[in-house]
Every structure is written in structure tokens, then in C-alpha cells.
Amino acid sequence: MLNLHDTATGSIRPIAPEGAPVVSMYVCGPTVYDLPHLGHGRYVLVWDIARRVLLATGHDVRFVSNITDIDDNIINRATEEGRSEAEVAAEFEERWFEALDALSVLRPTEVPHATAYVEEMVALIGRLMDRGVAYRTSDGVYLDVSAVGDYGLLAGQPLDQLRAGARIVTIDEKRSPLDFVLWKDAKDGEPSWDAPFGAGRPGWHTECVVMSLNLLGEGFDLHTGGQDLKFPHHENERAQAVADGKVFANHWAHSGWVMVGAEKMSKSLKNFTSLTDLLATHDARAYRLLCVQSHYRAPLEVTAETIAAAEAALLRLDNLARRLDVPELPAGPVVLASHGVDPDAVSAFVTALEDDLDTPRAFAQVATLVSAANTAADDGDLQGAQALAWTVAVLLGVLGIRLRATTDVDEDAAALAASRDAARAAKDWSEADRLRGALEALGYIVEDRGGATTLHR
RNA sequence: GGUGGCGUGGGAGAGCGGCCGAAUCCAACAGCCUGCAAAGCUGUACAGCCCCCGGUUCAAAUCCGGGCGCCACCUCCA
């Protein structure tokens, strides 16, 4: 079973009981008001890999990830652009999934939308008011966090300390600065829904409680997101569930930042690169490999240099596949038991991954197999080399990286390659070199394999 | 003020009590291979002790105490 660091306990522990037939995961999804950036890409890749590891080791996974399709940012953008909130949300949800598809991120098993769960949210808020733990102000309904005994569990500090450091300066009718909005009263020109406590729209923290409990049930296995969701978002989700008398997530895991220089990449610092831009100019697998090569909880430096290094590493992997004609793995998740690869290699690989998702260590295991496969091939042991290379392909497949052994070669290039082979056969080296130069000018990398020109990009 | 995290070779980044004079990837250099290359392989260099000081231990990069530096969170944020 996969073990992960649990924010609630501070320890590394299994995310589900060993024999669990289905592992349930809830990953906080995006608010769709802009293009996804590299930080989104990283957390999405991290949890995609966690899911793939579970699938690879024979577990079923129910993977729920929401779309926040109503919030201030969406409203602002819609207002600026003179179109509806629904249009803005629909556009950026589409862009979101385009990027994720490019990254080979498996689609969630369910994608709940906040706007489809307003009725349930209204019911939850009603119950919280009935219990006296939520109260009205002149602009909405708030949760009284003092009613939640262990508030601060995820933040790692008790309520009074959180309050002491609160940077919230607005003085309003809130009983505590940490009380948070469950329901925002309707304003002119903004989308709203009817509710017994007045028309309005839900606050951000309420949707995930309702959707996760609704789809996965009480006591679901794992709730994840980026570090910054730890507090207040996850704390506040949990607070509502506790105040409602529900058992919430059993395990909380959080992934680290993408850094630019020494700073967190974020919207507010305007130092972000959109995922869409990155994917337009680089192999999506390189970004996945870059993420794989660092631990998910550590900060990750993303620069032109680190991406280029990942691309170089990826090239080496594809070279192996090309050299040994490794068949391309089918799309979708890999189940290790069905591929008949070396059990020792699998065991070392899985051990690393199940130990707090140690992808760098797992990748290091694979890298040694790459060398072994090449060495076997150099020694003329084709069969042994191919078996090793296939193991490499399968293990990388678990991480969501599929090797490519082939490149589309257009007719012109194929003709040049044929001419070059003829020149080489005639030992006309200057002509052969001229043709190689021409092919390289077309963007191909030229390699001789068994006397024949081989091309790839 | 509080909380969490981080500090390992040129870069990235594992290891978290002995197998570590430190994995793996990228970059560099040399050799082999090649008509020449590329790919691949092999080797070398790069961490004289893994931020500093003190301690525990037969044994510490790994544990404890104290520093220093950096990042983040306590407001929206993945």
C-alpha cells in the first residue's frame, strides 16, 4: 500500500488499509478563470502519479477532482470581458483539460462542478445554522470556528495562535477573524441561487466538503492538494464537516511548490509560466520527468535549464526504445502484474514509490536498468537487452511516461536518407556528410544503425 | 509573534544511524566504438567529510541541542 506523509499527524502512513478494494482520493481542482500554470501542472502530475502507483499495484481508485466554476475571480473576468461567468468557466475548463491531456494525466473518475452542488451546499449551511455554529452577518453566513474543537489541526497550531498571527485586517461583524464565509449574499449582476437564508452564492470552502462526502462518502481515504490549500482551505473544509458531525478525510497529503529563482510561483507575484506555453514548446513528458526527478513535497526549481536537462534525460530513454525496438505501451494506466517483467526490478521500484512516493529513487532504479540494457546490447545479448528495455518501458509507464521508438519521417527526408545510404555504400564520404547536413538542417538527428541512416527528432 | 519546510558535487536531486569517500539525471573531460559523427559503453574530474558549532553513539550527511541562511503559511493562491 502507498504510504504518504499525512499533514494531520505529521507522519508517513498508509493511505488506506492493505486490503482495501477501492482507494478513494479527492484532489482539489482548479478555479477556472485563467490558463493553468506550472504550479498547477506539478500538483496534477504528482497526484496522477500517486493514482497510477495504486493502479499499478492492483488497486482500484476512485479519483474525484472538482472544478470551481463560480467565484470572485470568475465573476471579475466575466465582467471585464463582458460575457457570462458560465462562458468564462467553460472556456478555461476546456483549456485545463487540454493541458492535462497533453501531460497524459488520467481523467478523474468524477469531475463535480460547484454549481451543480449548490442545493447540497445550501442544505449543509442550513444544518450548520440550525446547530448554531453558523451565523448571519449583513453580507452572508459565516462559520464560527470556535465551535470546532480541534480547529487548527492541519495548520499545526491551535486557534488562539492562528488568531494571534492573523493578517486579516478587515473588521467586520465576524466573531473571530478566522471565521469564514459559507454563503455570500447576492449582489446585483452576479449569479445567485435561492436559499432559506437569503439568495446568494457559496463560499469557496463549502463546495469541496459537499462534493467529496457526496461522491466518496464519510471517512474517504485521501484528500490532497497543493501546500497552500492546507490552510485555510482544507482546514475550513474539515471544520464544516466536523461541525456537521461528519467523519471527513482519513489522510491529508500536500504537494510542494514550483519555484522560480527563490520564490514560489504564483499568480500574485506574476512570475508564472502558463502550462499552455510550456507545452507549446516542449515535450510534455519532459515536464513530467522533471517532476518525477524531485520529491513531491520538496520545492521544485523550474527554469529553462532544468527543463532542458529533463529533455536530455528523456532523449536517452527514447534512444533506448529506438535502439531495441521497444513496443509502445498502450495508453492508459499500467498494471504491473500483467506485464511479466523482472520481479526484483519491480519490487525495488514499487518499494521506493510506496515509501512516500519517492519518485526520484524509483527513477534512479530505472536509470540503472537503462545502462544495463545498453550494455547487454553492446555485448550482443539482444534478447537480454530487450527484456531489460521492456522493463524500463513498463516501469516508466507506471510513472505515466511512455517511450517513443519511432518518429514520423517525411518523404523528402526519407529520400535523403536513402541517398545517403547509397553514398555511404559507395564510400563517398563527402556526399554522405553533405546529406547528413541536409537532414540535420531539416531538424532530424541522424544516427547510423547497422549501416542504415536512422532519423529522429 | 506563531507554524511548517529547506540548506548534499558545476546544475538538478536521492540517501535520514554503519553497506556513504555518498544513488540517479544533466553538463564537462578522456578512451573505446564509428569512414567521420551520432547513439552507446568505459573511465576521470567535480561533495577532503553532506550550512556552522556543540553533544549522544563503538559508529552520524543521517539522532539531540544551539546558531546562521533561505522559502512558505497564519488573506485569495496548486
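**Exercise 1. Around Tyr 287**

Find which residues Tyr 287 is in contact with, leaving aside its neighbours within four places in sequence.

*Solution.* Start with the list: Tyr 287 touches Leu 38, Gly 41, Arg 42, Leu 45, Leu 103, Val 258, Leu 275, Leu 278 and Val 302. Keep in mind that we're working with a predicted model here. Next, zoom out to the largest nonpolar core, which has 94 residues. Tyr 287 is one of the three members that touch the most other members, along with Met 25 and Trp 47. Now ask which element feeds this core: helix α1 (residues 38–56) gives the most, with 12 residues. Last, check the domains: at least three core residues come from domain 1 (3–259), and at least three from domain 2 (319–398). A second core, of 44 residues, lies apart from this one and includes Tyr 117, Val 210, Met 211 and Ala 239. As background, nonpolar side chains in soluble globular proteins tend to be buried together.

**Exercise 2. Hunting for cavities**

Work out how many cavities of 30 Å³ or more the whole structure holds, and what lines the largest cavity.

*Solution.* Step one is the count: the search turns up two. Step two is volume, with the largest cavity at about 160 Å³. Step three is the wall: 19 residues line the largest cavity, and Val 44, Phe 63, Ser 65, Leu 100 and Pro 108 lie nearest its centre. By element, α1, β4 (60–65) and α3 (85–102) each give two or more residues to that lining. Finally, sort the lining by class, and you get 13 nonpolar, three polar and three charged residues.

**Exercise 3. The second cavity**

Now do the second largest cavity: which residues line it, and how do they divide by class?

*Solution.* The second largest cavity has a volume of about 50 Å³. Go round its lining and you meet Val 46, Ile 49, Cys 291, Val 292, Ser 294, Tyr 296, Leu 357 and Thr 359. Helices α1 and α9 (284–292) are the elements that give two or more residues to this lining. The class tally is six nonpolar and two polar, with no charged residues. Hang on to Leu 357 from that lining, as it's up again next.

**Exercise 4. Two positive phi values**

Leu 357 and Lys 427 both need a look at their backbone. Which of them is buried, and which is exposed?

*Solution.* Take Leu 357 to begin with. Its phi is near 50°, a positive value in a residue other than glycine. Leu 357 sits in the loop between α11 (343–354) and α12 (359–378). With a relative accessible area of 1%, Leu 357 falls under the 20% cut-off, so it is buried.

Lys 427 isn't a glycine either, yet its phi is positive at about 55°. Look for Lys 427 in the loop between α14 (411–425) and α15 (429–441). Lys 427 has 60% relative accessibility, over the 50% cut-off, so it counts as exposed.

**Exercise 5. A cis bond and the whole chain**

Say where Pro 232 is placed, then give the overall numbers for chain A.

*Solution.* Pro 232 belongs to helix α7 (residues 230–243). The peptide bond leading from Phe 231 to Pro 232 is cis, with omega near 5°. For the chain as a whole, count 15 helices and 15 strands in chain A. The C-alpha trace of chain A spans about 90 × 50 × 35 Å along its principal axes. Of the 457 residues in chain A, 50% are buried. To finish, take the contacts in chain A between residues at least 6 apart in sequence: 74% of them join residues at least 24 apart.

Note on methods
Residues numbered from 1 in each chain as written. Chains lettered and ligands numbered in written order. Predicted model: local features only at pLDDT ≥ 70, side-chain atom pairs only at ≥ 80, totals over all residues. Heavy atoms only, no water. Core = buried A, V, L, I, M, F, W, Y, C linked by side-chain atoms within 4.5 Å. Buried < 20%, exposed > 50% of the residue type's maximum accessible area, 1.4 Å probe, protein only. Helix = DSSP H or I, 4+ residues; strand = E, 2+ residues; numbered from the N terminus. Domains from an automatic or database assignment. Contact = heavy atoms within 4.5 Å. 1 Å grid on protein atoms, 1.4 Å probe; cavity = no way out; pocket = protein on both sides within 12 Å on 5 of 7 lines; lining within 4 Å. Points joined across faces, edges and corners; volume = space filled by probe spheres on them. Nonpolar A, V, L, I, M, F, W, Y, C, P; charged D, E, K, R; others polar.
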